[in-house]
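User: I'm a first-year student and I'd like a close look at a single part of this structure. Could you walk me through one helix and its surroundings in plain words?

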Amino acid sequence: MDAKVAKSGAAVPAVILAEFGSAHDVLHAAEKVQAAGYRHWDTHTPFPVHGMDRVMGLRDSRLGWIVLAFALTGLTGAFVMMHWMNGVDYVTVVGDKPPGAPQTLPSMVPILFELTILLSAFGAVLGMFGLNKLPRHHHPVFASDRFRSATDDKFFISIEAEDPKFDVVRTRELLEGFHAAHVEVIEEEPA
Amino acid sequence: MAYWKPITELGEAHLVQEGSTLAEVTDDIVKVTETAAPRGWWILFGIASSLTGLFTVCVAYLFYRGVGVWGNTAPVYWAWDITNFVWWVGIGHAGTLISAILFIFRQKWRTAINRFAEAMTIFAVICALIFPGIHVGRPWLLYYVFPFPNQMTLWPNFKSPLLWDVFAVGTYFTVSLLFWYTGLIPDLATQRDRSMTKWRQRVYGFLALGWRGSNRHWQNYERAYLILAAISMPLVLSVHSVVSMDFATSVIPGWHTTIFPPYFVAGAVFSGFAMVETVLLIARSVFKLQRVVLMRHLELMNKFLLLTSLLVGYAYSMEFFVAWYSGNQYEMAHFLHNRPMGPFWWAWVWMMSCNTLVPQIYWFKSMRTNIPVMFVASILINIGMWFERFVIIVLSLNRDFLPSSWGYYRPTIIDVGIFAGTIGVFFTLFLLFMRWLPMVAVAEVKGTMPQADPHLAHAGEEHVEPHGPDHVPDAAVAGGLVPGGAE
């Protein structure tokens, strides 16, 4: 057994981790984990593996909608800001264009564009962190020393204990059946 | 067709040498940040940080005495400060072009150099932002450019191209930084997991934000990366266009030109590629990265330099043609007389020969693949592009509409010190980046290797395919994947 020896007897399994040597193997195994009905599980790979989203049954990322919302906020915010500041609160007439008239719009285009882009970029990055629930510096998989190579050249499947189908013995057997290079149970003291 | 397979019809080749393992790639790239710096690094760092010191001294003196320490005087009120600003912003553009536009067009070779180029963008924009910051005369009032409620109840004038510039360059810097950091996260996690000391683990771990290579994360991550690339593409085209409007919206002959936005963008990409090449060649030899940065990539960059040089040359000819065709005496006096035959004729000759003649050597493969030649050429192009901005700015001002106020411009030692100093700042930041962060996008490079193909059973290193009964042929798997999560 590679399970971490718990300091007290109260430790419970948190996650089962299986290691694979290639993208091919992890994709095949992931397909079967999904077919076996697990839902709280994940794969960990040094780079995104092609086809994994489909195998894991992931729906398309919702990030685009978040970015759209940010982009529209940037666009309308920029317009309101410029119109109010130069057209209402402190009227600045340049080129004889009446304050607030449609003729002032062309000179707004650069800043309308830039602020749309700026807000979209923040939407993409912050939205990605939000959807991924990052930063999260503590996670049971980090307890494994072998997991360090998940960012180098190894591929992992982790099945979490909170999955309704999780069973230390049966889940472990399932993963071992996929010719995993290594399977380990990571335990965690209950909070 | 598998993603990693080179399209031989297009002359593509493997990005990484065939037979390299994933671990070798990690090692090659990340080891640079883990071992003692080679002597070449220390020598370069010594030079660069000395120049940074010079920069600090010159800027301190400038703040103490005021902008009178520069050579700017009637009628040339804009000179090296704006020249350097435009030059540095332009250099940044190649970074975004490589990281965003080549990404959207699925040019896999960009992976070898994109991290580099993105870092270059950020440091170049930092250097660029210094100049508008210090040229305002009273830099402690720089905050006037921001739209915030103040005791004067004044708002900035949003119809001014100079304010557009604040927003364009500010957005450009912020988006480039976000893009760069997003790309770094998986590699920071790699550094965290390889760290041997507590400090490295803490610092890289903190920056990696707990990245664990989860596929559920990769999905959103890749989408974020795609969106960032997609929005950076129009952004990069807009930034130098807006910079060009600082000039084009005025009525000065030599500035008042509708060709400016695309002309500036082409020039920016041209000079930026030259700078990427200069820096890449130094890094490649100092850190021995020949396995990742192949001659093929350098050759492609040289082809790109040739293309953009032709674009820039076209813009130069067009300016001349339009000046003559317009029949406007001030335009003609500027373009047909003051530029090639005025007191600054030598600056014009530098610009023309470095930007339009030097890159012509790249019609020949022997020149495109010759490292000393391309190193010298890349530096000459950088010089030529600096002179382009000098020609546009100073030569349009030194002989204005009234001959009695014509004058000459001479830089002072402080001008030179500040400009040389920003080169030092740029290389200091760059050398620090090369020491502490992976120079090449490790995770992205792996994604272009044969091992990344999940349908290739034997790609994994030292991996023996267990021919178990549950191993289905690839085609069957690809065709009949269970679309799970449907219930």
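What follows is a walk along one helix of chain B, and then a look around it.

Analyst: Sure! Keep in mind that this is a predicted model. Let's pick α6 of chain B, the helix that runs over residues 198-208.

Which residues of α6(B) are buried? They are Tyr204(B), Gly205(B) and Ala208(B). Now imagine looking straight down the axis of α6(B): those buried residues fall within an arc of 105°, so they line one face of the helix. Turn to the face that points away from the buried side, and you find the exposed residues Lys198(B), Trp199(B) and Arg202(B). So what sits over the buried side? The cover includes α5 of chain B, residues 161-194.

Next, step off the end of the helix. α6(B) is followed by Leu209(B), and the phi of Leu209(B) is positive, near 60°. Leu209(B) has that positive phi although it is not a glycine. You'll find Leu209(B) in the loop between α6 and α7 of chain B, where α7 covers residues 215-248. Is Leu209(B) buried or exposed? Neither one fully: Leu209(B) has 16 other C-beta atoms within 10 Å, so it counts as partly exposed. The cut-offs make that clear, because a residue needs 20 or more such atoms to be buried and 12 or fewer to be exposed.

Chain B has another spot to set beside Leu209(B). Thr153(B) is not a glycine either, yet it has a positive phi of about 45°. Thr153(B) sits in the loop between α4 (114-135) and α5 of chain B, and α5 is part of what covers the buried residues of α6(B). With 8 other C-beta atoms within 10 Å, Thr153(B) is exposed.

Now zoom out to the rest of chain B. How many helices and strands does chain B have? There are 16 helices and zero strands. Of the 487 residues in chain B, buried ones make up 47%. Take the contacts between residues at least 6 apart in sequence: 81% of them join residues at least 24 apart.

Phe427(B) gives you a feel for those far-apart pairings. Phe427(B) belongs to helix α14 of chain B, residues 413-436. With 20 other C-beta atoms within 10 Å, Phe427(B) is buried. Leaving out its neighbours within four places in sequence, Phe427(B) is in contact with Leu44(B) and Ala48(B). Its C-alpha atom is also 9.3 Å from that of Leu51(B), although their places lie 376 residues apart along the chain.

For another helix to hold up against α6(B), try α13 of chain B, residues 371-397. From its first C-alpha to its last, α13(B) reaches 39 Å, close to the 39 Å expected for its 27 residues at 1.5 Å a residue. Still, α13(B) has a kink of about 30° centred on Val391(B). α13(B) is also mostly covered, with 19 of its 27 residues buried.

One last detail in the loops of chain B: Ala74(B) and Pro75(B) are joined by a cis peptide bond, with omega about 0°. Pro75(B) is in the loop between α2 (39-65) and α3 (80-104) of chain B.

Conventions:
Residues numbered from 1 in each chain as written. Chains lettered and ligands numbered in written order. Predicted model: local features only at pLDDT ≥ 70, side-chain atom pairs only at ≥ 80, totals over all residues. Helix = DSSP H or I, 4+ residues; strand = E, 2+ residues; numbered from the N terminus. Arc of directions from axis to C-beta. Contact = placed C-beta atoms within 7 Å. Expected span 1.5 Å × (residues − 1). Bend = angle between axes of the 7 residues up to and from the residue.
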